[in-house]
Amino acid sequence: MSDLFQSSLTSHPQAESYRLRLLVLSNGHGEDIIAIRILQELLRQPNPPDIFALPLVGEGHAYQQLDIPLIGSVRTMPSGGFVYMDGRQLIRDVRGGLLQLTFTQINAIRRWVSLQKKLGNNRAILAVGDIVPLLFATLSGAKYAFVGTAKSEYYVRDEVGLLPRKSKAARWENFSGSVYHPWERWLMSRRRCKAVFPRDALTTETLKQWPIPAFNLGNPMMDGLEPTFSSQQFYSNDTQQQEKVRPLVVTLLPGSRPPEAYTNWEKIMIAVSALMGSFRDKDSVFYTSGTVVFLGAIAPGLDCNILAQNVKSQGWQSELQSPIQLPDSSVLIFKQRNAYLLLTQQAYNDCLHLGDFAIAMAGTATEQFIGLGKPAIAIPGDGPQYNSTFAEAQSRLLGSSLIVVEQPEQVAKVVPSLFKYPDSLQTIAENGIQRMGKPGAAQRIADCLQQLFG
């Protein structure tokens, strides 16, 4: 047990035992970020809890940046957390010490709960992710709440009914009437489970068929995405004229995990080249002689120089000026004819808001882009995350807002159909917002937790 954890426990007098001690369990980088958003809102409460964390996957850098003490061992597994994609990844993780790490983490959670109980402290657990943190929370013996980030009824149904599936095995995904299986629902229906926060309204309503305390408070994934510019900057009273003269903007989302993201980028650049060719074809319904801007939203953990080399190999030249200003002094700008390509690692939110559509090979980033009411075109890759299986499942989750193509060259054929009918764009916008939810979920969940646990 770390010295930081010990000092955090002994620094509180018994008179403050009424203050909530909250332990957060999460199992992945994306889950860590969602947990952090909720914790930041909790810390703004009048009587905030003392917060501890145990990231079950990875090293929990997001928690460390907030100076939240970790109560046990952390380690990055070979799969990076994507064991459900490929059985071989699970074998690699087991060989890498997964079972030993799991037992160590369960014991750390039980020790934390036991110590809080001994000290007479009000204690609770917040599990964020899938069945693993939910199971650990159940085994802890403490009261708990669950933020379900991994599953949605949209994977198997929409508001009309069940989605058609090709294989018999796929039909077992909701064999018991929900995408959450009976053993998961059992964990959510225990007396000590005080709240379940599904990611959308459809999943919430489905879970309410059982004695599960499900709350439809939204998806924290859509929080913290505000752009640096105001809407008035892009759209004024003369909206129609501005629409005619402003550049077409395409957001590029290659994912965040190396080396997969570098391979994804190569496919995306092939799609960009094909798209530029279609823009110059006067017979195309999407022909334009105006400016086109490609915004590469690059994760901080990637090396932009590697991506830039691929851009230059496609005939792009370095440029100093850009038709779009981003809040990034290190942005890399390239130009080819009437098109610009920008690589930025500091303007993620602006890239999402400025894009008219996206070429995507990412998980969370694709969902956030679509949640803003925009269409995306996905290209399955060869990596452990964004492969054909993942892309197919994501297309069910996101519905009409996500179009999956098999080859990058096919992107150019899909784009014209997106913008040919304005009504379809409106449908896509409504669909994305409905499936991903409106901003403010983290605060709503924090308020609910404070009422239940505080």
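# Exercises on a predicted chain

Of the contacts in the chain between residues at least 6 apart in sequence, 66% join residues at least 24 apart; contact means heavy atoms within 4.5 Å. This is a predicted model, in which local features need pLDDT of at least 70 and side-chain atom pairs count only at pLDDT 80 or more, while totals for chains, interfaces and linings use all residues. Residues are numbered from 1 along each chain as its sequence is written, and side-chain values use heavy atoms, with hydrogens and water left out.

## Exercise 1: the chain as a whole

State how many helices and strands the chain has, and what share of its residues is buried.

Solution.
- Step 1. The chain holds 19 helices and 13 strands. These are DSSP runs numbered from the N terminus: helices are H or I with at least four residues, strands are E with at least two.
- Step 2. Of the 454 residues, 52% are buried. Buried means under 20% relative accessible area, exposed over 50%, and partly exposed in between, with a 1.4 Å probe and protein chains only.
- Step 3. The chain exposes about 20900 Å², and carbon and sulfur atoms supply 52% of that area. Accessible areas come from the Shrake-Rupley method with a 1.4 Å probe; for residues, only the protein chains shown count as cover.

## Exercise 2: cysteines

Find how many disulfides the chain has by the distance rule, and decide whether C304 and C351 are buried or exposed.

Solution.
- Step 1. The rule asks for a pair of cysteine sulfur atoms within 2.5 Å. By this rule the count is zero.
- Step 2. C304 has a relative accessible area of 10%, so it is buried.
- Step 3. C351 has a relative accessible area of 0%, so it is buried.

## Exercise 3: strand β3 and its partners

Which strands are joined by bridges to β3, and in which direction do they run?

Solution.
- Step 1. Locate β3 at residues 122-129; seven of its eight residues are buried.
- Step 2. Strand β1 (residues 20-26) is joined to β3 by seven bridges, and the two run parallel. Two strands pair if DSSP finds at least two bridges between them.
- Step 3. Strand β4 (residues 144-148) is joined to β3 by five bridges, also running parallel.
- Step 4. V128 is a useful marker: it is the bridge partner of S26, and it stands opposite V147 in β4.
- Step 5. Follow the chain from β3 through helix α6 (residues 131-140) to β4: this is a right-handed β-α-β unit. Right-handed means that, with the strands pointing away from the viewer, the path from the first strand over the helix to the second runs clockwise.

## Exercise 4: the eight-stranded sheet

Give the strand order of the open sheet and name its edge strands.

Solution.
- Step 1. The order is β8-β9-β10-β7-β6-β11-β12-β13, with mixed pairing.
- Step 2. The edge strands are β8 (317-318) and β13 (402-404), each of which pairs on one side only.
- Step 3. Within the sheet, three bridges join β11 (residues 357-360) to β12 (residues 376-378), and these strands run parallel. A360 stands opposite A378 in β12.
- Step 4. Helix α15 (residues 364-371) packs on the sheet and touches β6 (248-253), β11, β12 and β13; its direction makes about 150° with that of β6.
- Step 5. Helix α17 (residues 411-420) packs on the sheet too, touching β11, β12 and β13, at about 155° to the direction of β12. Axes are lines fitted to C-alpha atoms, for helices over the stretch in contact, and angles run from 0 to 180 degrees between N-to-C directions.

## Exercise 5: two helix residues

For I38 and E367, state whether each is buried or exposed, and list contacts outside the neighbours within four places in sequence.

Solution.
- Step 1. I38 lies in helix α2 (residues 29-43). Its relative accessible area is 0%, so I38 is buried.
- Step 2. The contacts of I38 are L126, V147, P220, A442, I445, A446 and L449.
- Step 3. I445 is 407 residues from I38 along the chain, yet their C-alpha atoms are separated by 6.9 Å.
- Step 4. E367 is in helix α15. Its relative accessible area is 7%, so E367 is buried.
- Step 5. The contacts of E367 include R199, M221, M222 and Q394.

## Exercise 6: backbone details in loops

Where are D67 and R337, and which peptide bond is cis?

Solution.
- Step 1. D67, not a glycine, has a positive phi of about 60°. D67 is in the loop between α3 (61-65) and α4 (87-95), and is exposed at 66% relative accessible area.
- Step 2. R337, not a glycine, has a positive phi of about 55°. R337 is in the loop between β9 (332-336) and β10 (339-344), and is exposed at 60%.
- Step 3. The cis peptide bond joins P258 and P259, with omega about 0°. P259 is in the loop between β6 and α12 (260-279).
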